[in-house]
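User: Hey, could you walk me through a structure I haven't looked at before? I'd like to ask things as they come up.

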Amino acid sequence: MIREWLQEYQPKNQDEAAQALREIMQEVALAGLYRAGFFKVAAFYGGTALRIFYQLPRFSEDLDFSLLEVNPDFSLEPYLPAIEKEFEALGMHVSIKEKKKTVQNNIESAFLKSDTIWKELVLEGVIPQNNLGNVANIKIKIEVDREPPLGFTTEEKLLLRPFSFYVKLFVLRDLFAGKMHALLFRKWQMNVKGRDWYDMEWYITKKVPLDLSHFILRAKDSGDWKKDTMTEEEFRKLLHEKIEAINLSIVIADINRFIPNPGELEKWNKQYFHDLAAHLVIN
């Protein structure tokens with residue numbers, strides 16, 4: 001079954017195979033969470049949600065969730081056995097454990113790691129023999145915001161693999177708001193993610209409007225915006241300043257490994273992002 005799923009991606013080498021296997025594992029983990037009732041208390045958001053449910057043309061690494069209500073005492077631990085059981089049902093061996101905190105914050109984390117020997121089980125016959133190589137153990141970080149800024153809207157979307165089930169996730173305009181909050185306010189000067197800029201490009205070209213009210217709630221919650229309101233002009237000024245400040249070489253280096261055709265980035269320069277931003281719709 002896993003080999004058949006992998007063949008749908010038509011990977012050409014071990015790197016593409018690893019990205020595809022990670023996505024398959026993400027979907028299996030979502031299935032385990034569904035069986036455990038996780039989506040009664042939490043919603044899916046972030047780049048992986050966009051990839052799986054809206055066919056964002058880039059791969060993603062982590063599974064990000066937000067509780068539907070603030071709960072500082074929330075723990076992932078009760079849900080982890082269901083994830084392991086889901087993988088075991090498919091003949092996949094994984095280990096999963098909560099991350100031990102060294103610094104207290106509102107994020108609950110766990111790490112999922114594959115212990116399966118992928119080469120022998122599924123890769124042979126799927127990718128060319130001379131590109132087979134060795135796919136290393138795949139790791140996926142699962143994060144849950146226990147004290148999220150609320151004011152977001154959710155919807156349920158159907159996932160067909162490994163069986164038919166519904167996942168609760170943020171609606172597109174609120175996914176966009178969260179992405180723009182990350183793009184504009186990531187901490188640390190060198191923590192620049194090309195994935196943020198790639199996703200922004202996708203939202204704008206798909207004409208997805210940005211929910212400014214949810215963006216403001218996130219910006220206030222993170223301490224990056226002090227006022228209760230923000231005008232469209234103020235938002236556009238923040239974006240203009242961020243475009244001027246970015247190091248495009250770092251941005252492009254980050255996104256290259258997540259997309260099948262790096263040539264599509266040839267048009268990326270600061271003027272392109274200014275022109276792109278002019279097409280951004282704000283609600």
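Analyst: Sure, we can go through salt bridges, helix packing, a surface patch and some backbone details. Keep in mind that this is a predicted model.

User: Good. How many salt bridges are in the whole structure?

Analyst: A search of the whole structure turns up 19 salt bridges. As background, side chains of opposite charge can pair when their charged atoms come close.

User: Pick one. What does Arg58 pair with?

Analyst: Arg58 forms a salt bridge with Asp199, and their closest N and O atoms are 2.7 Å apart. The pair links distant parts of the chain, with the two positions 141 residues apart. Arg58 is in the loop between helix H3 (47-54) and strand S2 (63-67), while Asp199 is in helix H7 (residues 194-205).

User: Are those two buried or exposed?

Analyst: Both Arg58 and Asp199 are buried.

User: Which residues are in a salt-bridge network with them?

Analyst: The network links Arg58, Lys179, Arg186, Asp196 and Asp199.

User: OK, and which residue does Asp254 bridge to?

Analyst: Asp254 forms a salt bridge with Arg195, the closest N and O atoms being 2.9 Å apart. This pair also links distant parts of the chain: Asp254 sits in helix H10 (residues 248-255) and Arg195 in helix H7, 59 residues apart.

User: Why do you call Asp254 buried?

Analyst: Because its relative accessible area is 12%, and buried means under 20%. Arg195 is buried too, with a relative accessible area of 11%.

User: What about Arg173, what does that one pair with?

Analyst: Arg173 forms a salt bridge with Asp211, and here the closest N and O atoms are 3.9 Å apart. The two residues are 38 residues apart and link distant parts of the chain. Arg173 belongs to helix H6 (residues 172-185), and Asp211 is in the loop between H7 and helix H8 (212-221).

User: How accessible is Arg173, and where does that put it?

Analyst: Arg173 has 34% relative accessibility, so it counts as partly exposed. Asp211, on the other hand, is at 10% and therefore counts as buried.

User: Switching topic. At what angle do H9 and H11 pack?

Analyst: Helix H9 (residues 232-245) and helix H11 (residues 270-277) pack at about 165°, with their axes 9 Å apart. That makes H9 roughly antiparallel to H11.

User: Why does 165° get that label?

Analyst: Because angles over 145 degrees count as roughly antiparallel, and the packing angle of H9 and H11 is about 165°.

User: Is that crossing left-handed or right-handed?

Analyst: The crossing of H9 and H11 is right-handed.

User: And how do H6 and H9 pack?

Analyst: H6 and H9 pack at an angle of about 50°, and their axes are 10 Å apart. That makes H6 oblique to H9. The crossing of H6 and H9 is left-handed.

User: Let's move to the surface. Which residues make the nonpolar patch?

Analyst: Leu158, Leu160 and Tyr166 make a nonpolar surface patch of about 320 Å². Of these, Leu158 lies in strand S6 (residues 154-159). Leu158 is partly exposed, with a relative accessible area of 43%.

User: Backbone next. Where is the cis peptide bond?

Analyst: The cis peptide bond joins Arg161 and Pro162, with omega at about 5°. Pro162 is located in the loop between S6 and strand S7 (165-170). In general, most peptide bonds are trans, and most residues other than glycine have a negative phi.

User: Speaking of phi, what is the phi of Gln10?

Analyst: Gln10 has a positive phi of about 50°, although it is not a glycine. Gln10 is found in the loop between helix H1 (2-9) and helix H2 (14-35). At 61% relative accessibility, Gln10 counts as exposed.

User: And Lys207, what is its phi?

Analyst: Lys207 is not a glycine either, and has a positive phi of about 60°. Lys207 lies in the loop between H7 and H8. With 68% relative accessibility, Lys207 counts as exposed.

User: Last one. Where does Gly46 lie?

Analyst: Gly46 lies in the loop between strand S1 (42-45) and H3. Gly46 is buried, with a relative accessible area of 17%. The C-alpha atoms of Gly46 and Asp62 are separated by 8.5 Å, and these two residues are 16 residues apart along the chain.

Methods. Residues are numbered from 1 along each chain as its sequence is written. This is a predicted model: local features need pLDDT of at least 70, side-chain atom pairs count only at pLDDT 80 or more; totals for chains, interfaces and linings use all residues. Side-chain values use heavy atoms; hydrogens and water are left out. Patches are made of residues with over 30% relative accessible area and no salt bridge: like charges are joined within 9 Å, nonpolar side chains (Val, Leu, Ile, Met, Phe, Trp, Tyr) within 5 Å. Accessible areas come from the Shrake-Rupley method with a 1.4 Å probe; for residues, only the protein chains shown count as cover. A salt bridge is a side-chain nitrogen of Lys or Arg within 4 Å of a carboxyl oxygen of Asp or Glu. Helices (H or I, at least four residues) and strands (E, at least two) are DSSP runs, numbered from the N terminus. Buried means under 20% relative accessible area, exposed over 50%, partly exposed in between (1.4 Å probe, protein chains only). Axes are lines fitted to C-alpha atoms, for helices over the stretch in contact, and angles run from 0 to 180 degrees between N-to-C directions. Angles under 35 degrees count as roughly parallel, over 145 as roughly antiparallel, 65 to 115 as roughly perpendicular and the rest as oblique. A crossing is left-handed if the near helix is turned anticlockwise from the far one by less than a right angle, and right-handed if clockwise.
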